[in-house]
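Thanks for asking me to look this one over. My comments are below, in an order that should be easy to follow with the model open beside you.

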Amino acid sequence: MLSADEAAKTELAIRLPDAPALRPRERLRQEKESLGFYISGHPLDGYGSEIGTVAVSTLDVREGEHADGQELTVAGVVSQLTVRLTRNAEKMAVLRLQDQRGSIEVAVFPRTYAEAATLLAVDEPLLIRGRVSLREEELSLQAESIRSLSQF
């Protein structure tokens with residue numbers, strides 16, 4: 001056991017430099033990058049009223065409330081993005097769209113990809129209109145149009 005004076009001598013003083021506060025979007029991006037999930041919020045938190053009027057949640061789609069081929073709109077952020085080439089050497093993308101309740105895979109075929117390629121980026125909030133696709137018990141969405149949620 002150390003006396004109070006001896007204990008005070010062994011304390012380590014760490015001084016951290018003052019750093020400017022991060023913008024909310026950057027803070028969320030860094031949380032997701034370092035931890036794998038968001039802590040202080042979700043990138044869609046500021047769009048709640050707009051999303052509720054025009055989009056359904058990915059959880060509702062995955063739970064089978066929508067039929068194969070049914071057209072619907074979902075909103076979310078891109079959490080994964082893979083660009084591929086078709087047999088005709090045209091670019092297409094497969095992405096994972098995440099909202100506050102879950103995520104869904106979205107196929108973006110060449111025509112739609114050509115129209116929206118500049119919007120497709122990880123952590124980008126999007127509004128995607130498409131058709132439900134159920135193949136071999138795997139549920140996904142085939143995008144027909146993609147818009148930036150920040151311009152909605």
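The points below go through confidence, strands, cores, salt bridges and a few single residues.

1. **Confidence.** Please keep in mind that this is a predicted model. Mean pLDDT over the chain is 86, and 98% of the residues reach at least 70. Taken element by element, the highest mean belongs to H5, at 95, and the lowest to helix H1 (residues 4–10), at 73. Where pLDDT is low, predicted coordinates should not be read in detail.

2. **Strand S1 and its partners.** Which strands pair with S1? One is S4 (residues 125–135), which lies antiparallel to S1 (residues 71–85) and shares seven bridges with S1. Within that pairing, Val74 sits across from Ile128 of S4. Another is S2 (residues 91–99), also antiparallel to S1, with eight bridges. Here Gln80 has Arg96 of S2 as its bridge partner.

3. **The S1–S2 hairpin.** S1 and S2 make a hairpin, and five residues lie between them. Ala89 belongs to the loop that connects S1 and S2, and its phi is positive, near 65°, even though the residue is not glycine. Most residues other than glycine have a negative phi. Ala89 is classed as exposed because its relative accessibility of 56% is over 50%.

4. **A second positive phi.** Asp123 is also a non-glycine residue with a positive phi, about 75°. Asp123 is located in the loop between H5 and S4. Is Asp123 buried or exposed? With 18% relative accessibility, Asp123 counts as buried, since the cut-off is under 20%. If you check backbone angles, Ala89 and Asp123 are two places to look.

5. **The largest nonpolar core.** This core has 19 residues, and those touching the most other members are Leu95, Val106, Val108, Leu120, Ile128, Leu141 and Ile146. At least two residues of the core come from each of S1, S2, strand S3 (102–108), helix H5 (110–116), S4 and strand S5 (138–148). Ile128, listed here among the residues touching the most other members, is also the residue opposite Val74 in the S1–S4 pairing.

6. **Ile146 and the second core.** What does Ile146 touch beyond its neighbours within four places in sequence? Its contacts are Val108, Thr112, Ala116, Leu119, Leu120, Leu126, Leu127 and Ile128. A separate core of ten residues also exists, with Tyr38, Leu44, Ile51 and Leu127 among them. Leu127 thus appears in the contacts of Ile146 and as a member of the second core.

7. **Salt bridges across the chain.** How many salt bridges are there? The count is nine. One of them joins the side chains of Arg25 and Glu124, with 3.1 Å from N to O. These two residues are 99 apart in sequence: Arg25 lies in helix H2 (residues 24–35), and Glu124 in the loop between H5 and S4. Arg25 is partly exposed at 47% relative accessibility, whereas Glu124, at 19%, is buried.

8. **A salt bridge within H2.** Arg27 and Glu31 also form a salt bridge, at 4.0 Å from N to O. About one helical turn separates Arg27 from Glu31, because they are four residues apart in helix H2. Arg27 is partly exposed, with 32% relative accessibility, and Glu31 is buried, with 13%.

9. **A salt-bridge network.** Glu71 and Arg129 form a salt bridge in which the closest N and O atoms are 3.5 Å apart. Glu71 belongs to S1 and Arg129 to S4, 58 residues apart. Both are partly exposed: Glu71 has a relative accessible area of 38% and Arg129 one of 29%. Together with Arg131 and Glu144, Glu71 and Arg129 are linked in a network of salt bridges.

10. **Thr82.** Finally, a residue in strand S1: Thr82. Thr82 is partly exposed, at 37% relative accessible area. Beyond its neighbours within four places in sequence, Thr82 contacts Met92, Ala93 and Val94. Thr82 and Met92 are ten residues apart in sequence, and their C-alpha atoms are 8.5 Å apart.

How values were computed
Residues numbered from 1 in each chain as written. Predicted model: local features only at pLDDT ≥ 70, side-chain atom pairs only at ≥ 80, totals over all residues. Heavy atoms only, no water. Pairing = 2+ DSSP bridges. Core = buried A, V, L, I, M, F, W, Y, C linked by side-chain atoms within 4.5 Å. Buried < 20%, exposed > 50% of the residue type's maximum accessible area, 1.4 Å probe, protein only. Contact = heavy atoms within 4.5 Å. pLDDT = per-residue confidence, 0-100.
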